Amino acid sequence: MYPDKFQYFTPGDIASLEELLDKYRDDSKILAGGQSIIPLLKMRFTSIPNIIDISNIKGLNFIELNDDLEIGPMARTAEVAASNIVAMNCPLLFDAAGKVADPQVRNMGTVGGDICEADPRNDMPAVMLALNADFEITNSSGKRTVNSTEFFKDAYTTALDSNDILTKISIKNIGYHGKYFKFTTMASDFALFAVAINMKLNSDETVKDIGIGLTNVSSTAVKANEVEAYLKGKKIDEKISEEAFSKLLNMIELDDDYNGTKEEKQKILKKIFVNGLKEVYGDSK
Amino acid sequence: MNKKEILANGMGRYIDDIKLPGMLYMNIYRSPYAHAKIKNIKGGLNSSEFKSYYKSSVGEMAELSGNKEDKTKFLEPSLAIDEVKYYGQPIAAVFSENRYESEDLLNSINVDFEPMESTCSIDAALGKKDISKYTMAKYELGKKFDEKAVDHDIVLEDTFFNERVIGNSIETRGCIADYKDGMLTFYVSTQSVHSVKGGLMNTLNLDKDHVRVIQADTGGAFGSKGGFYPEYLIAAYASMKYKKPVKWIETRSEYLSAAYAGRGVKSYAKIYAKNNGKITGLEAKIYVDAGAYDAGAGGFSSYFIGFQVTGPYRIENVYIESSSIITNKSPVGPYRGAGRPEASFIMERMMDLLADKLNKDPADLRLLNASDEPFTSPTGEKIEEPTRPFFKKALDEFDYYNVSKNNKTGISFFVLIPASRPGDSARIQVKNGRVNVFLGGDTHGQGHEFFARNIINEMLGVDRELVTLENGDTSLLDMGVGAWGSRSAIAGGSALAVVCEKIRDQVIQKYGVYNTDNLLNGEYDASEFYKIDFDVYSLNANMVTSYVKDGKAMIKDWHSYYDLGKVLDKSNVIGQIEGGALQGIGQVLSESLRYSDDGQLIISSIEEAGLLNAENIPENFHIKWSEGSSKVPSHAKGLGESPTIGTPSALVRSIELSTNKRIRETPIKPDYFY
């Protein structure tokens, strides 16, 4: 790899990190594993004068169950994919973490990095939207909380300012059933598209609450609000699923490209979405 | 330690491991457009200073094509002159003692482009009014026939497409040019030091005594390092200019954009057949996406495909029109198989179509169209062995009729045409109690050392551990061809066998009798170019079973039954077969070089190029062979390309039996299973 020149920092605590971010602002970027940044630098698709590696900062890597499921931004994807706490309380996140890239990338990559990079092909943004997760954001002037639905703005663009740090991910919707349905071509571990579903039923088998997020069907991850609203209170069958899919089509943008035409992609997505709803609904019963 | 252990233990010496004092790193500024005028260039070494055209003599089957046309008009300049014709074409070069700074220097080059309309696929070229402008070469094979004169009950037609794929060796291309005191020493990762030497001499007007080409350990090639590349010339010129060694080692994205790709073939086939399944006529149009320039293979590969399209089947009436089409893409070159898999795909796909139409077993239909006698096809392909008995035996070895009852089973039969001509060279040097072997074709990962050791052991009685196969070096063996086209065991092995006889004679001359002690206690040296002016074809068959799970094809059993002649080394054979099978599977399931309509390469990593993951490896390999007779001194037949020929046809058949959807293209598109 032959990137442009950059300065490399490894702060040991949040205060030093804040100082660096305040100093370099837009000329810096946090390295939280490197799943996306390293390839971008390597190919010289981007040039970042100051790289701040946060892997030495203590207290950013945790997985805890308090009132909510709380995850530190530096929890490695592989750790999340192997965590009993996550498996018991948030099967959607557990499933999705195990489907990110390959073992080497999961060992280095972090859930926080996946979220903050907001590559439209990254898996975690759609998962967070399906979970209605909250993000604690810290900078030198204090802390604030932003809901995932307010966080993802566009490709590679989030509600984070250049001196902000994601310090905690909180998931309230625990004890649901959920799965991440990821379609990849054989030529790539990145999703051609994927559907994240998180679901809880009433005792009469109608949907009590549902979260649906989609990967790589628009410039950023999509939360299928209208589809969620439509499905609430209903029992899911094939007819309902197909109707839900037709509502979903209004919320996404698929284009013709080398992976296939818009129609071909819709055909695959429909099958994944309808089968996925059926599967998670079945698990929830 | 043998070579395999050296390489596997990280002790190989590849191009990027070699560092010479004062060495400069070269980086290439490449075209971001598929087609554009260059109005002005500032910076770097560019064509205002270094104007030359290079010629790559890949050698493979060139004699067969008989193309007498002057090809010079399709030659590529080593640095673009006034115009760029493909994405990735070299325009200028920069140099620095630091690899990173050299990369940074690319930003100092300013080129004023005027983008032009590009033609980036066979279909786009065929849609043009003046197709001759887009034709690099055109051939007619067989004989035009009148439909009415052909005895037939049915006619079937279909269209096929094999997308471009590329070798994707783990090591990319690279070289070091070191010009000192009138002598150019050139280290390179290659299949042939001799083709590189020829290219350097011809273009830089150097005589043979002033160029020495040395092969570094070579981390794979699959055809893409058989020929000559413009970057070699630029590095050599720069070394002469700056009087310093110059190293070039490319990144993966450069490799994908500018190393010679393979396949890229579209075809229309029409067969005439009787209701009993006998094929009486074949017409086909074959188009090769040859790229923007003729780099040695683009012109004749369309001929080569047409020549062998009927394979093992005896068909009375055949008429093929084949063309190499000029597109705004990187020049096409040989990729493992190099025309053979494309030809077999057409014929075997038509066989399966006919079997479905007539509701016959595809194997029975193939046997019916095979032959009990030697024959010459209407295109001139001489099949010297009866094909039917061999394939009957293959079906027995596969237990085909039982397996196919319970499995989605595809089969393919084919004739392998190795590039046996014009032979190759070998040298044996005995010194200090050891035997050093040199071959005219350069081993690049196949492990030729193993068969070389076996030949020396068998013919001269020398312990295998005392034998070393050296890398290619034109100063140590001054003649040779190359390692490609399934030829090494045939041509290299035979040359080595002939030189063994010479060495033996030298020992006998000295002592009156041969024994190993007399050999190893003395010093001996002999070499020979063993000339081959005939073909060494072989018959081969594959069978594949698969199933579809979660929208993906999983391969259960992969079977081969190949005629290998004498097996020179078992581990070589198994390695070649398993590796080739994976490349055949990759071509079907995932591999491709994808371009946008305006000729931008839209992949930039080996992952996006679609190389197989471990989960796509067949669950079981069943490797069998026969040892038929061969006319050459090594008694070997060809192998290297066979698995890439037989796998795609057999695998797609197996898959379509699961889905009931016919496959006409490789790779299979993502939505195929939905």
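Two residues are in contact here when they have heavy atoms within 4.5 Å of each other. By that yardstick, 24 residues of chain B are in contact with 23 residues of chain A. This is a predicted model, where local features need pLDDT of at least 70 and side-chain atom pairs count only at pLDDT 80 or more, while totals for chains, interfaces and linings use all residues. Residues are numbered from 1 along each chain as its sequence is written, and side-chain values use heavy atoms, with hydrogens and water left out.

**Where chains A and B meet**

- Chain B and chain A bury about 2,300 Å² between them, 57% of it on carbon and sulfur atoms; buried area is the accessible area (1.4 Å probe) that two parts lose on being put together, summed over both.
- B:Pro670, B:Asp671 and B:Tyr674 supply 29% of the area that chain B buries against chain A, more than any other three residues.

**Charged links**

- There are 2 salt bridges between chain B and chain A, each a side-chain nitrogen of Lys or Arg within 4 Å of a carboxyl oxygen of Asp or Glu.
- B:Asp104 and A:Arg44 pair up through their side chains in a salt bridge of 2.8 Å, N to O.

**A look at B:Asp557**

- B:Asp557 is buried (under 20% relative accessible area, 1.4 Å probe, protein chains only), yet has no salt bridge.
- The nearest side chain of opposite charge, B:Lys556, is 4.4 Å away; Lys and Arg count as positive, Asp and Glu as negative, and His and the chain ends are not counted.
- Leaving out residues up to four places away in sequence, B:Asp557 touches B:Met543, B:Val544, B:Thr545, B:Asn620 and B:His622.

Key. Chains lettered and ligands numbered in written order. Buried < 20%, exposed > 50% of the residue type's maximum accessible area, 1.4 Å probe, protein only.
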